[in-house]
Amino acid sequence: GDFSMTKMIEPWMPPVLETADNGFELMQDCCEREERLEEKLLTKLDVQGEVFDTICISKVKFENCLFLDCSFKKGEFTDVIFQSCNFSNCDFSDSYFNRCQFTGSKGMGTKFCGNSIQNLTVKDCNFSYANFDSSKLEKIQFEDSELRGASLSQCRCKMVYWSRVRLSEASFFKTSMQKMDFTTCDIAGISISDDCSELKGAVVDLYQAAELAKRLGLVIK
């Protein structure tokens with residue numbers, strides 16, 4: 001596609017991040033005191049079933065962290081990098097993300113419903129069965145990632161770019177795919193409305209077009 005990273009605003013990080021020794025306690029404290037967690041490097045956390053709702057995080061890098069079944073509802077993430085993290089089955093519903101990156105991370109079955117997300121890069125990640133329903137997505141690049149069976153229903157999208165993404169069985173129900181280029185992606189078995197209105201203006205290759213034409217009742221000879 002015509003994607004150039006100039007459109008995307010990268011996370012802003014201070015030259016040196018202070019490593020937090022007690023990352024988990026720090027996160028808990030910031031939640032309880034309603035204070036912002038900022039300018040820290042958090043590594044090798046192993047957290048399960050904890051609640052960090054309404055947490056406010058900026059200029060923070062998470063590295064090799066495991067968050068399983070944790071709740072981050074109504075969280076705010078600005079200038080945050082998640083590197084080699086696993087937050088499968090976590091709940092980020094109704095959160096805000098701006099200038100963030102997920103690299104080499106796992107978010108299987110993770111909930112991002114009702115989110116407002118802008119300037120996000122997702123690279124080398126497994127977000128299969130993740131749920132982005134009813135989210136506002138603007139300036140987002142998904143690259144070399146798995147989003148098999150993911151749900152992107154009723155999303156409002158602007159400048160969303162897909163590069164070598166596995167989107168098989170994903171749902172785009174009532175989400176306009178206009179101006180999205182899927183030519184490097186796997187979109188087999190995606191869910192859309194019976195009238196296929198979501199497809200208007202989507203960019204696909206001939207093979208994908210032939211598959212999608214079957215939905216419209218066309219027979220291609």
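## Surface patches and unusual backbone angles

I220 counts as exposed, at 58% relative accessibility. Welcome to this structure, which is a predicted model. I220 is a good place to start, as it lies in the segment after helix 2 and belongs to a nonpolar patch on the surface. The points below look at that patch, then at a charged one, and then at two residues with positive phi.

**The nonpolar patch**
- Together with L216 and L218, I220 makes up a nonpolar surface patch.
- The accessible area of these three residues together is about 320 Å².

**The negative patch**
- On the surface you can also find a patch of negative charge, where E25, D29, E32 and E35 gather.
- One of these residues, D29, sits in helix 1, which covers residues 23–33.
- D29 has a relative accessible area of 31%, so this residue is partly exposed.

**Positive phi at S84**
- S84 is not a glycine, yet its phi is positive, near 50°.
- To find S84, look in the loop that links strand 6 (76–83) to strand 7 (96–103).
- S84 counts as partly exposed, because its relative accessibility is 31%.

**Positive phi at K174**
- K174 is another residue to look at: its phi is positive, about 60°, although K174 is not a glycine.
- This lysine lies in the loop between strand 10 (156–166) and helix 2 (206–213).
- The relative accessible area of K174 is 52%, and the cut-off for exposed is over 50%, so K174 is exposed.

Definitions and conventions: Residues numbered from 1 in each chain as written. Predicted model: local features only at pLDDT ≥ 70, side-chain atom pairs only at ≥ 80, totals over all residues. Heavy atoms only, no water. Patch = residues over 30% accessible without salt bridge, like charges linked within 9 Å, V, L, I, M, F, W, Y side chains within 5 Å. Areas by Shrake-Rupley, 256 points an atom, 1.4 Å probe, with all protein chains shown as cover. Salt bridge = Lys/Arg side-chain N within 4 Å of Asp/Glu carboxyl O. Lys, Arg positive; Asp, Glu negative; His and termini not counted. Charge placed at Lys NZ, Arg CZ, Asp CG, Glu CD. Helix = DSSP H or I, 4+ residues; strand = E, 2+ residues; numbered from the N terminus. Buried < 20%, exposed > 50% of the residue type's maximum accessible area, 1.4 Å probe, protein only.
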